[in-house]
Amino acid sequence: MCVKRFRNRFILPLLALFATSAGTAAPPAVIEACKACHDVDGSGVGKPYVPIIAGTPPVHIEEALYAYKDGARQCTIEPVMCDTVALLSDDDIADLAEYYGKLPRYSHATTFNEELVARGEAVHRDLCARCHVPPDDPDVADVLGYPLHGQRADYLRYALKAYVDGTRENLLEEMEEKIGRLRHGDVEALVHYYVSY
Ligand code: HEC
Ligand code: HEC
């Protein structure tokens, strides 16, 4: 009995340690500042406007965090996001990017319409595919844009409408030109295509 209690107390925590090191790395302590919205698994806590950040290559997560920090990207919907990021050190940013980037991106696909998916795929291939590839594409860290495939539908809709209306500044002229070529209904078709992934 005594031995058993000993084992439970000391062996189980050790086993848990091994389990952690064999799987994904433990999150950095600074994740406390993010998990209320993005959760520890990077898939978000269910708030529609919070993007999925799991599986976005670290280089793109860092780009996004620095863009919020220096004001190139604004947090129109959730000012707390920008207030939080403003306090991060360069090391915090590197650690968080590394941690979230290594996590798997689970599909959050709700329902999508096959016809819209086909239309969205055609638009994507024509205008967007050069810079936006799926998260498991071998070139994902090297292309200019973030992976949009498997992103949350509400977030994509919000971000795309913001570019179209001009409430979100386009950081690249080439993307601005492509967004300008979208026809009525293309935004919804693209959303269906990306979430169907
Ligand atoms: C209060 C909720 C909230 C907190 C806290 C928060 N975020 Fe965010 N995050 C958001 C929202 C909302 C957006 C989308 C903002 C926008 O561009 O309008 C976002 C965007 C992002 C993006 C850009 C993703 C993309 O695909 O463009 C990254 C990366 C990110 N957050 C990481 C973090 C990290 C790391 C922390 C902790 C230091 C953090 N966030 C804290 C809500 C939050
Ligand atoms: C020349 C490369 C390029 C092209 C072409 C391009 N994008 Fe982008 N896209 C980017 C870059 C770089 C960013 C990140 C910059 C920023 O934060 O504004 C981005 C950001 C985005 C975002 C925001 C992602 C997020 O997580 O917040 C969406 C949505 C998006 N692009 C959709 C599109 C769509 C749809 C097309 C085609 C109609 C397109 N892009 C064409 C490079 C490109």
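1. Helices in this note are DSSP runs of H or I covering at least four residues, numbered from the N terminus. On that basis His-192 lies in helix α9, which spans residues 186-195. The model under discussion is a predicted one.

2. Overall fold. The chain contains nine helices and zero strands, so that its pattern along the sequence reads α-α-α-α-α-α-α-α-α. Of its 197 residues, 39% are buried. Among contacts between residues at least 6 apart in sequence, 69% join residues at least 24 apart. The accessible surface amounts to about 11700 Å², and carbon and sulfur atoms account for 58% of that area.

3. Surroundings of His-192. With a relative accessibility of 13%, His-192 is classed as buried, because the cut-off for that class is under 20%. Once neighbours within four places in sequence are set aside, the contacts of His-192 are Thr-111, Phe-112, Asn-113, Leu-116 and Val-117.

4. Iron site of ligand 1. The iron atom of ligand 1 is coordinated by His-38 through NE2 and by Met-81 through SD, at 2.0 to 2.1 Å. These two residues connect distant parts of the chain: His-38 belongs to helix α2 (residues 35-38) and Met-81 to helix α4 (residues 79-86), 43 residues apart. The geometry at this iron atom is octahedral, with angles of 83 to 179° among six donor atoms. His-38 is buried at a relative accessible area of 11%, whereas Met-81 is partly exposed at 23%.

5. Shell and polar contacts of ligand 1. Ligand 1 is surrounded by 24 residues, the closest being Cys-34, Cys-37, His-38, Met-81 and Tyr-158. A polar side-chain atom of Tyr-158 is placed 2.4 Å from an oxygen atom of the ligand. The elements contributing two or more residues to this shell are α2, α3 (58-69), α4 and α7. Helix α3 provides the largest share, four residues. In addition, an N or O atom in the side chain of Arg-73 lies 2.8 Å from an oxygen atom of ligand 1. For His-38, a side-chain N or O atom is 2.8 Å from a nitrogen atom of ligand 1.

6. Iron site of ligand 2. Here the iron atom is coordinated by His-132 (NE2) and Met-175 (SD), at 2.0 Å. This pair also links distant parts of the chain: His-132 sits in the loop between α6 (114-128) and α7 (153-165), Met-175 sits in helix α8 (residues 173-180), and the two are 43 residues apart. The site has six donor atoms with angles of 85 to 178° and is octahedral. Its histidine, His-132, is buried at 12% relative accessibility, while Met-175 is partly exposed with a relative accessible area of 22%.

7. Shell and polar contacts of ligand 2. A total of 20 residues surround ligand 2, and the closest are Cys-128, Cys-131, His-132, Tyr-155 and Met-175. At least two residues of the shell come from each of α6, α7 and α8. Side-chain N or O atoms approach oxygen atoms of ligand 2 at 2.9 Å from Arg-73 and at 2.9 Å from Tyr-163. A nitrogen atom of ligand 2 is 2.8 Å from a side-chain N or O atom of His-132.

8. A point shared by the two ligands. Which residue has a side chain in polar contact with an oxygen atom of ligand 1 and with one of ligand 2? Arg-73 does, at 2.8 Å for ligand 1 and 2.9 Å for ligand 2.

Definitions and conventions: Residues are numbered from 1 along each chain as its sequence is written. Chains are lettered from A and ligands numbered from 1 in the order in which they are written. This is a predicted model: local features need pLDDT of at least 70, side-chain atom pairs count only at pLDDT 80 or more; totals for chains, interfaces and linings use all residues. Side-chain values use heavy atoms; hydrogens and water are left out. Buried means under 20% relative accessible area, exposed over 50%, partly exposed in between (1.4 Å probe, protein chains only). Contact means heavy atoms within 4.5 Å. Accessible areas come from the Shrake-Rupley method with a 1.4 Å probe; for residues, only the protein chains shown count as cover. Donors are N, O and S atoms within 2.8 Å of the metal (3.2 Å for Na, K and Ca); water is not among the atoms, so sites may look incomplete. Four donors count as tetrahedral if all angles lie between 85 and 135 degrees; four count as square planar and six as octahedral if opposite donors are over 155 degrees apart and all others between 65 and 115; anything else is irregular. A residue is near a molecule or strand if one of its heavy atoms lies within 4 Å of it. A polar contact is a pair of N or O atoms within 3.5 Å; within protein, one must be able to donate a hydrogen and the other to accept it, and residues adjacent in sequence count only if both atoms are side-chain atoms.
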